[in-house]
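Here are a few exercises to work through with the model open in your viewer. Try each task before you read its solution.

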Amino acid sequence: MQRIGVFVCWCGSNIAATVDVQAVSDALAKEPGVVYSTNYQYMCSEAGQNMIKNAIKEYNLTGVVVCSCSPRMHEATFRKTVAAAGLNPYMLEVANIREQCSWIHKDKEAGTEKAIVLGRTAIAKVQLNAPLQAGESPVVKRALVIGGGIAGIQTALDIAEAGFDVDIVEKNPTIGGKMTQIDKTFPTLDCAACILTPKMVDCAQNEKIHIYSYSEVESVKGFVGNFTVSIKKKARYVDENKCTGCGECTTKCPMKNVPNEFNLGMDNRRAIYIPFAQAVPKVATIDPNYCNMLKNGKCGLCAKVCGAGAIDYKQQDQIVEEKYGAIVVATGYNPIKLDKFDEFGYSLSKDVITSLEFERLTNAAGPTSGTLLRPSDGKHPHTIVFVQCVGSRDTSGCGKPYCSKICCMYTAKHAMLTREKYPDTDVYVFYIDVRSPGKNYDEFYRRAVEQYGVHYIKGMVGKVAPRADGKIMVQASDLLADEQLHIEADLVVLAAAIEPDKSARPLATMLTASMDTNDFFTEAHAKLRPVESPTAGIFLSGACQGPKDIPDTVSQASAAAAKVIGLLVKDKLTTNPCVAQSNEMMCNGCSSCERVCPYGAITYVDKEFRMPDRTTRVRRVASVNPAVCQGCGACTVACPSGAMDLKGFSNSQIMAEVDAICQMK
Amino acid sequence: MPNEVKAFKPKIVAFCCNWCSYAGADLAGTNRLTYPADVKIIRVPCSCRVNPMFILRAFQRGADGVILCGCHPGDCHYTSGNYYARRRMTLLFSMLDYLGIEKERTRVEWVSAAEGAKFAATMNDFVATVTALGENKRLEDLRCKE
Amino acid sequence: MNNEMMKEQVIRMSGVNPLKCMRCGKCSGTCPSYDEMEYHPHQFVYMVEKGEIDKLMASPSIYKCLSCFACVERCPRDVEPAKLVEAIRLMVVRQQGQNHLKANEIPALLDNDLPQQALVTAFRKYTK
């Protein structure tokens with residue numbers, strides 16, 4: 001039998017006004033097991049907490065019931081109080097007589113009666129409480145960053161800076177991501193490569209950082225502090241350790257007509273290639289879809305010219321297994337496909353391009369060496385039309401329902417740079433709204449209008465029709481002038497919506513991290529925990545969580561790194577003690593619990609049991625990993641033999657509560 | 001029993017998940033939205049923690065109605081718990097209906113942490129429904145009566 | 001009938017929710033009879049939202065819409081402006097004596113290239 005103390009709080013007049021607290025403490029004093037019952041003005045105050053501590057010592061209490069506000073408010077406070085008095089913190093129960101009683105019942109008699117029942121229910125539960133010990137699990141002091149764009153790079157650098165090992169897994173042959181394809185960055189117009197490539201080099205040179213390029217995550221097992229990840233290193237048919245990146249092979253390969261994905265297919269590369277000059281790691285990769293040697297065994301030219309002997313046509317995919325304490329997702333974004341938008345004629349003319357293609361056309365390392373030329377005939381365009389919100393804010397099903405956030409600013413940048421370099425060009429920007437909230441963003445957009453004379457037109461393009469003479473007819477509305485415009489353009493640039501990378505969805509399944517309907521990863525709390533996934537130990541960095549520009553991405557990347565460091569710096573993690581527990585003597589090994597567990601916390605083990613006749617028998621029984629179990633209790637109900645129970649919310653405890661509630665006269 | 005007829009006050013057990021509905025009930029309190037004192041709430045970590053046995057036990061001990069509140073589908077703190085609860089309760093409630101416990105005495109409702117008003121409205125409606133049905137005699141164990 | 005009631009009726013008949021419009025103007029950018037119209041597709045949506053049904057009913061624009069449904073097809077928010085035009089036209093022609101096309105006017109309009117189908121459609125569109 002427990003020795004229970006009951007403490008009824010007045011909460012000033014919040015409780016005392018509609019509940020007769022004296023009557024409650026008197027009535028509860030008569031309950032079996034209660035050896036002490038009192039009431040006080042503010043139980044959560046220091047004086048109130050001291051009352052509890054003193055009573056525990058004086059009356060040798062083994063269980064405490066506080067009748068006060070919601071346990072969501074002060075359960076943690078009172079747990080600390082009883083722990084300070086030497087009692088196990090889980091020997092405390094809170095009866096919610098404020099939010100769920102005094103505040104909603106005007107009638108004092110009914111309120112008092114209900115408060116007594118709630119108190120009695122808590123007493124019935126605490127009778128069956130058992131001391132619980134928070135478990136501990138070790139932390140592997142190594143982090144994994146999935147995705148090697150600017151988000152992943154920044155996160156990895158920050159974690160490495162704190163002295164922890166970090167691995168970056170990047171599916172492309174080089175890290176750098178989308179930012180490598182961008183020419184200049186708003187609102188300062190510094191060149192993307194100039195600020196990004198030093199960071200890429202830092203990553204390569206940092207001895208704490210290991211880069212798995214041309215690799216993908218195959219599977220993830222484990223839990224916060226202790227993940228086991230299989231990484232598939234795709235065969236690049238070049239020995240990374242031998243290749244010096246001299247690029248000799250990439251000039252000799254006879255396969256010259258492979259679309260170059262770095263320039264979005266606007267020029268060609270060879271079958272063996274280094275994506276771009278500043279690639280990290282600077283190692284050649286053979287594209288098996290185009291290489292003659294790999295396809296039909298005829299050629300082998302690259303192996304002949306390679307002075308380092310790095311070419312290895314027999315290389316196989318390789319699986320590496322590593323342990324990590326934390327995982328950061330930084331899988332980034334892609335522009336959407338525009339095949340559903342016939343009206344913009346993207347597939348009809350080479351001179352209707354996306355904004356990312358425009359970046360390549362203005363980039364010194366791009367297919368035109370930085371001169372803005374029409375992809376169709378290589379002539380200077382004199383009239384350029386930019387269309388914003390192509391597929392963004394689209395609820396019709398063709399595009400994406402959200403605002404892609406970055407397009408207003410990069411379009412202003414494109415328009416401004418075009419006018420600066422080619423003042424003879426007419427530049428039109430069709431906008432629905434110009435969204436430029438950000439430091440120096442609106443000023444930037446206004447500069448495009450006021451200093452550079454970009455024609456901003458409030459309205460939307462309805463039709464883009466390429467003409468036989470090479471001009472592109474653009475039909476659009478000008479809402480402010482209330483007229484329809486017909487513009488003969490030379491180049492049309494579509495600001496395509498952005499969407500999460502396709503690899504994100506299968507990755508989320510592996511990580512048991514949640515996603516929204518648009519395949520963006522959801523954060524643990526939209527405001528207060530923006531860089532953590534609801535799944536413990538998984539962190540979010542960059543555009544995989546929502547559309548973001550570079551400054552936002554870098555801030556979030558550093559924030560995610562800070563959270564990872566906060567986790568890795570711990571030697572052990574304390575775990576929630578209210579977890580499931582299997583009674584091995586009752587378990588019949590049916591696997592029902594294993595199937596309903598959303599966390600994979602339950603495994604089956606073969607265990608030896610001594611039988612009454614002194615023989616031993618091996619039985620298959622459920623075993624719960626307390627570090628993984630989150631304590632939902634799904635398994636306890638699924639268990640047909642009643643072997644599975646939840647600590648802190650056990651079957652007998654809840655039954656006792658039901659009984660106490662129904663017992664009232 | 002004395003001769004005077006006491007107004008029927010139903011006994012209602014409400015199971016609320018810790019993350020959404022219990023917080024919703026707290027919010028109803030914070031906003032001073034009243035509902036009858038006949039509703040007594042039991043906090044469970046998740047709606048999927050509610051074993052059908054608990055509900056049978058409640059009716060056995062003389063409850064007149066049982067309501068289970070959880071997070072909205074898709075919002076479960078434990079990703080899928082409320083789906084389990086929904087399936088289990090569908091089965092259980094149809095069995096209870098077969099046993100003579102009217103379907104109106106049992107209910108599953110999704111109440112988020114932000115829906116204090118919905119919580120209060122649900123409870124008002126549920127209590128009114130159960131009060132109209134009167135006392136539940138089915139499944140009741142007379143030995144538990146005083 | 002006052003404007004507010006007419007607005008409700010237009011919304012009910014068309015099944016269009018003008019509040020979904022984000023004022024991008026793509027409907028008017030795409031409209032082939034834009035220059036013929038006094039009020040343009042995006043204005044139909046906005047004016048219905050404001051309840052200015054009488055102005056729209058009095059405007060010849062309702063007969064200039066070709067019902068080509070380009071605006072419906074291309075609207076990113078699924079607003080369907082052409083259905084609003086249709087509903088307002090019906091509000092007019094359903095009134096006594098407001099048929100836009102009368103049988104005795106037809107012989108004068110006929111020419112050999114006009115497909116029969118166009119006549120049938122026009123009759124359906126412009127009369128009670």
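**Exercise 1.** In this predicted model, find which residue of β2(B) stands opposite Cys16(B), then work out how β1(B) is paired and covered.

*Solution.*
- Step 1: Start at Cys16(B); the residue across from it in β2(B) is Arg43(B).
- Step 2: Zoom out to the strands. β1(B) pairs with β2 (residues 39-44) of chain B in the parallel sense, over 6 bridges.
- Step 3: Now look at β3 (residues 65-70) of chain B. This strand also pairs with β1(B) in the parallel sense, here over 5 bridges. For a landmark, use Val13(B), which sits opposite Val66(B) in β3(B).
- Step 4: Check the cover. β1 spans residues 12-17 of chain B, and 6 of its 6 residues are buried.
- Step 5: Sort the side chains by direction. Ile12(B), Ala14(B) and Cys16(B) point one way, while Val13(B), Phe15(B) and Cys17(B) point the other way, and all of them are buried.

**Exercise 2.** Check whether the length of helix α3 of chain A agrees or disagrees with its residue count, and then say what the buried residues of α3(A) pack against.

*Solution.*
- Step 1: The helix covers residues 71-84, which is 14 residues, so at 1.5 Å a residue it should span 20 Å.
- Step 2: Its end C-alpha atoms lie 18 Å apart, which agrees with the expected span.
- Step 3: List the buried residues of α3(A): Pro71(A), Phe78(A), Thr81(A) and Val82(A).
- Step 4: Bring in some helix geometry. With 3.6 residues a turn, residues three or four places apart in an α-helix point the same way.
- Step 5: Look for the partners. The buried residues of α3(A) pack against α2 (46-59), β3 (63-68) and β4 (92-96) of chain A.
- Step 6: Follow the backbone out of the helix. Just after α3(A), Gly86(A) has a positive phi of about 90°.

**Exercise 3.** Is chain A compact or spread out, going by its radius of gyration? Add what you can about its make-up.

*Solution.*
- Step 1: Count the elements: chain A holds 18 helices and 34 strands.
- Step 2: Compare radii. The globule rule gives 26 Å for 665 residues, but the radius of gyration of chain A is 33 Å, well over that, so chain A is more spread out than a compact globule.
- Step 3: Put dimensions on it. The C-alpha trace of chain A spans about 95 × 75 × 40 Å along its principal axes.
- Step 4: Look at the division into domains. Among them are domain 1 (4-132) and domain 2 (142-234 + 322-332 + 501-568). The centres of these two domains of chain A, taken over C-alpha atoms, are 47 Å apart.
- Step 5: Finish with burial: 50% of the 665 residues of chain A count as buried.

**Exercise 4.** Run the radius check on chain C, then describe the side of chain C that touches chain A.

*Solution.*
- Step 1: Chain C has 9 helices and 0 strands.
- Step 2: The radius of gyration of chain C is 15 Å, close to the 14 Å from the globule rule for 128 residues, so chain C is as compact as a globular protein of that length.
- Step 3: Turn to the contact, which takes 16 residues from chain C and 18 residues from chain A. Helix α2 (residues 26-30) of chain C gives the most to the chain C side, with 4 residues.
- Step 4: Sort that side by type: 5 nonpolar, 5 polar and 6 charged.

Terms used. Residues are numbered from 1 along each chain as its sequence is written. Chains are lettered from A and ligands numbered from 1 in the order in which they are written. This is a predicted model: local features need pLDDT of at least 70, side-chain atom pairs count only at pLDDT 80 or more; totals for chains, interfaces and linings use all residues. Helices (H or I, at least four residues) and strands (E, at least two) are DSSP runs, numbered from the N terminus. The radius of gyration is taken over C-alpha atoms; the globule rule is 2.2 Å times the number of residues to the power 0.38. Two residues are in contact if their C-beta atoms, placed from the backbone, lie within 7 Å. Ala, Val, Leu, Ile, Met, Phe, Trp, Tyr, Cys and Pro count as nonpolar, Asp, Glu, Lys and Arg as charged, and the others, Gly among them, as polar. Domain bounds come from an automatic or database domain assignment. The expected span of a helix is 1.5 Å times one less than its number of residues. A residue is buried if 20 or more other C-beta atoms lie within 10 Å of its own, exposed if 12 or fewer, and partly exposed in between; C-beta atoms are placed from the backbone. Two strands pair if DSSP finds at least two bridges between them.
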